[in-house]
Structure formats: structure tokens, C-alpha cells
Amino acid sequence: MKLAVLGAGYVGLVAGTCFSDTGNHVTVVDTNPERVASLNRGEVPIYEPGLAEIIKRNTERGRLRFTTSVSEAVPGAQVVILAVGTPSAPDGTVNLDYILQAARDVAGAMTGYTVLVTKSTVPVGFHKQLAELVSAHTEHPFAVVSNPEFLKEGTAVSDFMGPDRVILGATDERAIETMRHLYSAFMRRSDRLIVMDPTSAELTKYACNAMLAARVSFMNEMSQLCDHYGADVTQVRVGMGTDPRIGPHFLYASLGYGGSCFPKDVSALVSMGRAANIPMRMVEATEMANAGQRERFFERVRHHFDGKLADKRIAVWGLAFKARTDDIRESAAITLVERLAGAGAHVVAHDPKAMDNARKRLGERTLTLVDDEYAALDEADALVICTEWQAYRTPDFAQIKERMKGDIIFDGRNLYDLEWMAETELTYVSIGRPSVP
Ligand code: NAD
Ligand code: UGA
């Protein structure tokens, strides 16, 4: 099949690449000329494990191309996928400017019946707005399909190629058949394609992210109770997660969730409720609990230094919003670094993949970045762990103690066993677990 994908970000690049790997001819369009130029030089602008190899394989076979021009990509494409950003507007609603512009461009370039697929996360009811807009700009027949994406950064390729399910919100039979054919390569184990009406598909996407975010916020509030009453949240997690009705996923207490999706989708759902005059109390509480958890983690560090962070040297391990990605959007680590620096601390940070993005976002005046995590420790008064990278999981504690001036670790990811920490000469403060010693 011939496909066009608009947006060469975490979703568009992964979707376009994976569809080319199953034999389709895919042209990915992005309005950012630097991004397209780097892809055309064979450089992948984001870090996503496994992606670079598949891009290389398919560009070499001529099945995957990158361009800034919609009129090069869309004519003759049977399926056009919209995967551009839908960021939060300042009032928490969704900024649809990019996707509406992309839709106008596509409509103007279509040359025949086209299946127009929305993979971007869009507010409930958007498919109607999309259909009206496209009809106003083309004489050609088309069908809109809502196909929300559920991949996670860091495992995006395997999530895409082996999805738990694929949701199609559509009513046009020809479009449904085309999409069934497109996804059949990923459905060989069993058919996991769920067809529903587009409004339900759009809402399902927000409901999933809000439910997952709520689990994290719930555990984060449990972690605060654990701290107060002397319980251990990791034991509570195991006890809860072994109940099959609850399950083990997304129960890890942390310094707060982040990323380009949970924060924006949770606040979009609150706005959608508000617009319908239906208060989304559970969703609002999820958002409030997350803000509280981030603040609480910062306060623990500040409190340790009696509120005096000026001139303290703080080592930070991890800047990405989670491991296995270079993405720092809404990262709790970045908020923390800003708070620490704002209070006068000198932050020295390391991240295996996200330092370029952090440098662009914060500049070297807010923090010093170092290529070796141990170099961040020299003369540090404290070590703060923000991201659960594998490389931080079993560190050399003797070296940590030796290089630091202070002797305290604040762990926002509960990486270390409390028994190991009792064997070190370090003080260890984690989330919802007794401090050591
Ligand atoms: P991103 O910011 O990484 O990429 C978006 C890309 O779209 C950018 O490269 C931008 O230059 C490009 N773009 C903007 N306007 C364009 C236009 N008119 N034509 C062509 N390209 C254009 O975004 P992302 O993280 O890939 O997310 C895209 C959408 O998918 C969002 O709606 C997001 O909520 C949703 N989503 C993201 C994830 C994820 O893990 N990142 C997962 C599921 C769903
Ligand atoms: C999330 C969803 O998991 C995807 O299904 C969805 O497609 C995507 O959002 C999206 O809509 O964009 P992602 O943002 O890549 O994926 O990351 P997650 O793995 O969900 O983690 C989100 C945040 O929650 C991270 O900051 C992570 O550290 C935190 N988290 C996650 C916890 O603190 N505890 C957990 O148990 C799980």
C-alpha cells in the first residue's frame, strides 16, 4: 500500500517506519526542515531503542522516505496518517492548530479516495470537525478513521509491532477493510483489532491514559501514608498487584509522573468535563496528587538542608521523564532541577540520553552536565535520582561515598534495596519506604 504520515515525531516516525517494514511504501512528512534533513542524512532525531536499524533497512530498500512537502507525499496515497503534536493550550484544553493545518494541507493534495487516519490524541468529537474541514477543501471522496495510539516511549517499536489491541473508530466499511489489511501483519498471533464508533475511540484514548495516571497518583498518595506510618510501598505494591483484578502494572510510586502525554491528556479530560458541565473529580485529583508528589520530593531535599539550598552542590542522575527515552517533556526531573537551581543550588546532572534536550531547554546556566554519572558526584552535598535508567541500578556505592562531600541519596525511583543500603555508609531516602539508617 502507499501511505503518507504527517509528523516525524515519536508516534509518526515509529508508525511510518513500522508500516514500511511490513512492505508498504511510506512517505513521512514533517514541517521541520532540520528534522527532515537529518532523517535524509540517515540520522534519527529522537532516541527510541531499535528504531534506527529499521529506518536504515527501509530507506535503503526505497520503501521509506522523508520530505517537508505534502504534495510529494499525499497524491496517490491510499492511507494518510495524522501524527502531529496536539499539545496543551495554556488553559489546559488541546491546541489543535498543528493537526488542523496538517488536515488542510492533506485535503488540498488528495487525488482520489483516501482513508484519513487520526493517530494524534484529539478531543472527543474531533472526527466531525476533521470531516467538515476536509470536505471544505477537496472534491475527492474520503473516510475518517480514529486510530488512537497506545505505544510507550522507550518500547515504542515493540509496542507498535506487537500491540495489545488496535482501536479503530470508523463507520466506513471500505476504510475499515483497508485498515484491517494494513494492521494484519501485526495480528498474526490473534486478531486484536477492535472496531467501534469514532467518538468512543477518541474517548477510549483519554480514558486509558487517565486511568494509568490515576494508578500512579494513587500509589504516590499511598507512599505518603507509608512514610507517615512506617510501611513500605514496595511491599504494598506487591500485595496489591498480585490480585488479578488489580494487576501489577503502573503501581510504582515515584517522584511524580511526567512525559508528553499523561499531564496533557489528564488536563484535557478535565477540560472536556468542564465544557460538558460534568466535573471530572477523579481526574482532577490525579492531577493534583501528581503536582503534590513532585513538590513533596523537592521539599524533602530542601528540608534536609534546613531550607538553605544556596551554594549547595546537588548531583542529579536522570533528566528524562522515564528511562529508555531522550524525552524531557514535562519531566519531573526537569521541574526538580529548576526548583533546586531557583533556590540557589548548583546542580550537576547526568543522563545517558537526554542531556542534549536538557541543554537546549535549560541552558548550562541552570545546571552543569557531565558525561559520566560519577563525575556528577564530586564534592556534591547530595545525590538525587530522578530516572530509573539501568545504568543507575547497581552502582558502586563505595565510590559514591568517596566522591561526594555529603552522604545522602534521595531516590525518586526506589532503585535500591534497603538492606544493601544499610551496608553502605550512606543515608538513603526513597519514596514510601523507611529511610536508612
Ligand atoms: P512530537 O512532538 O514528537 O512530533 C510531532 C511532529 O509533528 C513534529 O516533528 C512537528 O514538527 C510535526 N508537525 C507539526 N505540524 C505539522 C504539520 N502540519 N505537518 C507535518 N508535520 C507537522 O509528537 P509525538 O510525541 O509523536 O505525539 C504526536 C501525537 O501522538 C500527539 O497527539 C500525542 O498526544 C500522541 N501520542 C504520543 C505518544 C508518545 O508516546 N509520544 C503516544 C501515543 C499518542
Ligand atoms: C503513556 C502510556 O503508557 C501509553 O500507552 C500512551 O500511548 C502514551 O502515554 C501516550 O499517550 O503518549 P509514555 O508517556 O511513553 O506512555 O510513558 P509511561 O510509561 O506511561 O510513563 C508515564 C509517566 O509515568 C513516566 O513519568 C513514568 O516514570 C511514570 N510512571 C509510570 C510511574 O511513576 N510509575 C509507574 O508505575 C508507571
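Colleague: What percentage of the 437 residues in the chain is buried?

Modeller: This is a predicted model, in which local features need pLDDT of at least 70, side-chain atom pairs count only at pLDDT 80 or more, and totals for chains, interfaces and linings use all residues. Residues are numbered from 1 along each chain as its sequence is written, and side-chain values use heavy atoms, with hydrogens and water left out. Buried means under 20% relative accessible area, exposed over 50%, and partly exposed in between, with a 1.4 Å probe and protein chains only. By that cut-off, the buried share of the 437 residues is 54%.

Colleague: Why does the radius of gyration agree with a compact globule?

Modeller: The radius is taken over C-alpha atoms, and the globule rule is 2.2 Å times the number of residues to the power 0.38. For 437 residues a compact globule would have a value near 22 Å, which agrees with that of the chain, 23 Å.

Colleague: Which helix gives the most to the largest nonpolar core?

Modeller: A nonpolar core is a set of buried Ala, Val, Leu, Ile, Met, Phe, Trp, Tyr and Cys residues joined through side-chain atoms within 4.5 Å. The largest has 63 residues, and V316, W317, L319, L340 and I400 have the most contacts inside it. Helices here are DSSP runs of H or I with at least four residues, strands are runs of E with at least two, and both are numbered from the N terminus. With six residues, the helix that gives the most to this core is α13 (residues 332-342).

Colleague: How many residues are in the other core, the one with V14 and M179?

Modeller: That core lies apart from the largest one, and V79 and A170 are also among its residues. Its count is 42 residues.

Colleague: Where on helix α6 do the buried residues fall, within what arc?

Modeller: The buried residues of α6 (residues 126-137) are F126, H127, L130, L133 and V134. The arc is that of the directions from the helix axis to the C-beta atoms. On the other side, K128, E132 and A136 are exposed. The buried residues line one face of α6, because seen down the axis they fall within an arc of 130°.

Colleague: Which strands do the buried residues of α12 pack against?

Modeller: Helix α12 covers residues 281-304, and its buried residues include V283, A289, F297 and V301. Contact means heavy atoms within 4.5 Å. The helices they pack against are α9 (198-229), α11 (262-275) and α13, and the strands are β12 (382-385) and β13 (408-411).

Note on methods. Chains lettered and ligands numbered in written order. Expected span 1.5 Å × (residues − 1).
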